[in-house]
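Student: Could you take me slowly through the cavities of this structure, and tell me which residues line the largest cavity and the second largest cavity?

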Amino acid sequence: MSIEIRQHPRIVDAETCEKGCTCGGEHPAPEVTLYSGEDAAQIMAEDCRAVYADRPVLMLSDPETHAVAGEELENQLRTVGVNLATHQFDSNPVATAALIETVRAIGRDKALIISVGSGTVNDLGKYSASEEQIDFWCLPTAPSMNGYTSGIAAIKVKGVKRTLPAAPPKRIYAKPSVIQQAPLKLRQAGFCDVLAKVVSDIDWQCESLLFSGSYCGLPSAMMTTVEKSYSEHAEEIGQGDEAAVMGLFHGLLISGVAMSLAGSSAPASGGEHLVSHFWDMREPLTGREPELHGLQVGVGIILSTACYRRLRDLSAGDLPQQAEDLFAATAARIPDIWGPYADEVAKQFQGKRDALLQFDSLLPEKWDELQALFQQVQPPEYFAELFARTGAPFNLEAFRLTEEEFMLAALNSRAIRERITVLDLAAHAGVLEAAAQETLNLLR
Ligand SMILES: [Zn+2]
Ligand SMILES: [Zn+2]
């Protein structure tokens, strides 16, 4: 007996990719499909049986995600006769290299890995499957980040969180009632992560205007089609309203695709993401367990928008000539901040030295065009208030961040990546410190 294999719609179709492109480049749409419905577990199990027949399948979950979705999926998979192995992580797993080894060892002889969960469970499955070159599907349990559809995974290697390439899932199955009832903090984190696009897209346009010319309007055009369904509904997302939370969830899925479409994480990752990476990387030095990715990014959004507002008030004649001195002064702080990791950070910062040294001449020359971009960004108060309207506190204390650690990140996170972002522009223009102070006042 042959069972028909169902095909579900792609999250982004080829036509959308063609129409939205402004760069003339190639953007093959990733073949990630989505099935969304209350019977998601049953449909996923039937599809799994139809595609893999008797071949072995591994399902990953943790105690929390097992309770809300994993148990039901496991039952469904067994009911239809899938050759199933399961592995349950401890509560709040961390995606370490050691845990990856465990998953790879169990997954090696399997045809498919299924992750039931959000950030970490998803990353563990996605990265392990990708390394073993086996298929990967997922059943998300929270609208907490845009990583479900992205081509990267956050893995902790030797104590430091890294973003490593990993093939996105082939199929995603979502049960709306599960997504909708995810803990408030996870919904708030996803809300911040999806809104990061609003500022990171401007970061990308500034960088493109100054250096690479790589900007494409496609990711932004893709987001515009869904933006309204979540951006004006902070309270509803906080209250768990189905339409608003599912709108947020779809926004996150599309934002992940947008990231992989552009061939880099630029469209969904600018200066606002750097502060989050900074705190992730500082964990072995400070002992502070990182907060949810999206929430740290939310803090970064306030900082970026504070920078944009200050830059907006400057004219070309106000710009100092200080590229060389500023580079040296920032580089000189790296050993103190990074200790054993200083060499690696210094290498990243060195990677953009040439670009930064051009700021003395390039910024005044392009200032009018840059200004037009700065004007498009909403003020920091707008975002601070928006994030708090979800009903969960949005301040440094809630995220276990001291004022010192915040200021350190605000002033120095631009050194940890080669990419040029608004933090570099603000530092050169001499407004980064004031913008950081302003952010601090909004997050007390
Ligand atoms: Zn394009
Ligand atoms: Zn993000």
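Tutor: What follows goes through the cavities and their linings one at a time. Please keep in mind that this is a predicted model, and that the count comes to 2 cavities when a volume of 30 Å³ or more is required.

Let us begin with the largest cavity, which has a volume of about 50 Å³ and is lined by A323, L326, F327, L356, F359, R414, D424 and H428. If you look for the elements behind these residues, you will find that α13, running over 323-338, and α19, running over 422-429, each supply at least two of them, while α13 gives the most, with 3 residues. In character, this lining divides into 5 nonpolar residues, 1 polar residue and 2 charged residues.

Turn now to the second largest cavity, where the space comes to about 40 Å³ and the lining is made by A40, A41, V68, A69, E72, L139, P140, K175 and V178. Two or more residues of this lining come from each of α2 (40-52), α3 (63-79) and β5 (135-140), and of the contributing elements α3 gives the most, with 3 residues. When the lining of the second largest cavity is sorted by character, there are 7 nonpolar residues and 2 charged residues, with no polar residue, whereas the lining of the largest cavity does include 1 polar residue.

Key. Residues are numbered from 1 along each chain as its sequence is written. Chains are lettered from A and ligands numbered from 1 in the order in which they are written. This is a predicted model: local features need pLDDT of at least 70, side-chain atom pairs count only at pLDDT 80 or more; totals for chains, interfaces and linings use all residues. Side-chain values use heavy atoms; hydrogens and water are left out. On a 1 Å grid over the protein atoms alone, a cavity is a set of points where a 1.4 Å probe fits but cannot get out, and a pocket is an open set with protein on both sides within 12 Å along at least five of seven lines; lining residues have an atom within 4 Å of a point. Grid points are joined across faces, edges and corners, and a volume is the space filled by probe spheres set on the points. Helices (H or I, at least four residues) and strands (E, at least two) are DSSP runs, numbered from the N terminus. Ala, Val, Leu, Ile, Met, Phe, Trp, Tyr, Cys and Pro count as nonpolar, Asp, Glu, Lys and Arg as charged, and the others, Gly among them, as polar.
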